[in-house]
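Visitor: I should like to learn how to read the features of a protein model. May we work through one together?

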Amino acid sequence: MNDFHYSVCTGADEAVFHRQCDALERHIPTLIKIETLVDIDGSITQVYRKGNARISVHNSNYIGAVYVDSDIDLKPFFVS
């Protein structure tokens, strides 16, 4: 259902996308990488699971952004 949306970058950027994926994998215990999807326009989506929650990181060439959609609040997993 993706109750939480986080804008990471206001332009499509594969390096930022990979750094965001790395950060999630480092900071969230029990995160499971499910699949990597690549669209015909070169957009990439990395899908994860944490328990029953779905987390997806998007590098969208169509929208022109890097963003994260999540079923859970991710703020507690990041250091400010």
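Visitor: In which helix is the place of A23?

Guide: Please keep in mind that this model is predicted. A23 belongs to helix α1, which covers residues 14–27.

Visitor: Is A23 buried or exposed?

Guide: A residue is called buried when its relative accessible area is under 20%. A23 has a relative accessibility of 14%, so it counts as buried. One may also look at a residue distant in the sequence: F77 lies 54 residues from A23 along the chain, and their C-alpha atoms are separated by 9.6 Å.

Visitor: How should I read the strands, and in what order do they form the sheet?

Guide: One follows the strands from neighbour to neighbour. Here five strands form an open sheet in the order β1-β5-β4-β3-β2, with antiparallel pairing. Strands β1 (4–9) and β2 (32–38) stand at the edges; each has a single partner strand, so one side of each has no neighbour in the sheet. On average, neighbouring strands are turned by 15 degrees against each other, direction ignored.

Visitor: How many bridges join β2 and β3?

Guide: Six bridges join β2 to β3 (residues 44–50), in the antiparallel sense. As an example of a bridge, I32 has R49 in β3 as its partner.

Visitor: Which strands pair with β5?

Guide: Strand β1 pairs with β5 over five antiparallel bridges, and Y6 stands opposite V68 in β5. Strand β4 (residues 53–60) also pairs with β5 in the antiparallel sense, over six bridges; there, I55 stands opposite S70. In addition, β4 and β5 form a hairpin with four residues between them, and G64 in the turn has a positive phi of about 80 degrees.

Visitor: Why is β5 described as largely enclosed by the rest of the structure?

Guide: Six of the six residues of β5 (residues 65–70) are buried, and therefore the strand is largely enclosed. Both of its faces are covered: A65, Y67 and D69 are buried on one side, as are V66, V68 and S70 on the other.

Visitor: Finally, how many disulfides are there?

Guide: A disulfide is a covalent bond between the sulfur atoms of two cysteines. The cut-off for the pair of sulfur atoms is within 2.5 Å. By this rule the count is zero.

Visitor: Why is there no bond from C9 to C21?

Guide: The closest cysteine sulfur to that of C9 is in C21, 13 Å away, which is too far for a bond. As for accessibility, C9 is partly exposed at 23%, whereas C21 is buried, with a relative accessible area of 5%.

Conventions:
Residues are numbered from 1 along each chain as its sequence is written. This is a predicted model: local features need pLDDT of at least 70, side-chain atom pairs count only at pLDDT 80 or more; totals for chains, interfaces and linings use all residues. Side-chain values use heavy atoms; hydrogens and water are left out. Buried means under 20% relative accessible area, exposed over 50%, partly exposed in between (1.4 Å probe, protein chains only). Helices (H or I, at least four residues) and strands (E, at least two) are DSSP runs, numbered from the N terminus. Two strands pair if DSSP finds at least two bridges between them. Axes are lines fitted to C-alpha atoms, for helices over the stretch in contact, and angles run from 0 to 180 degrees between N-to-C directions.
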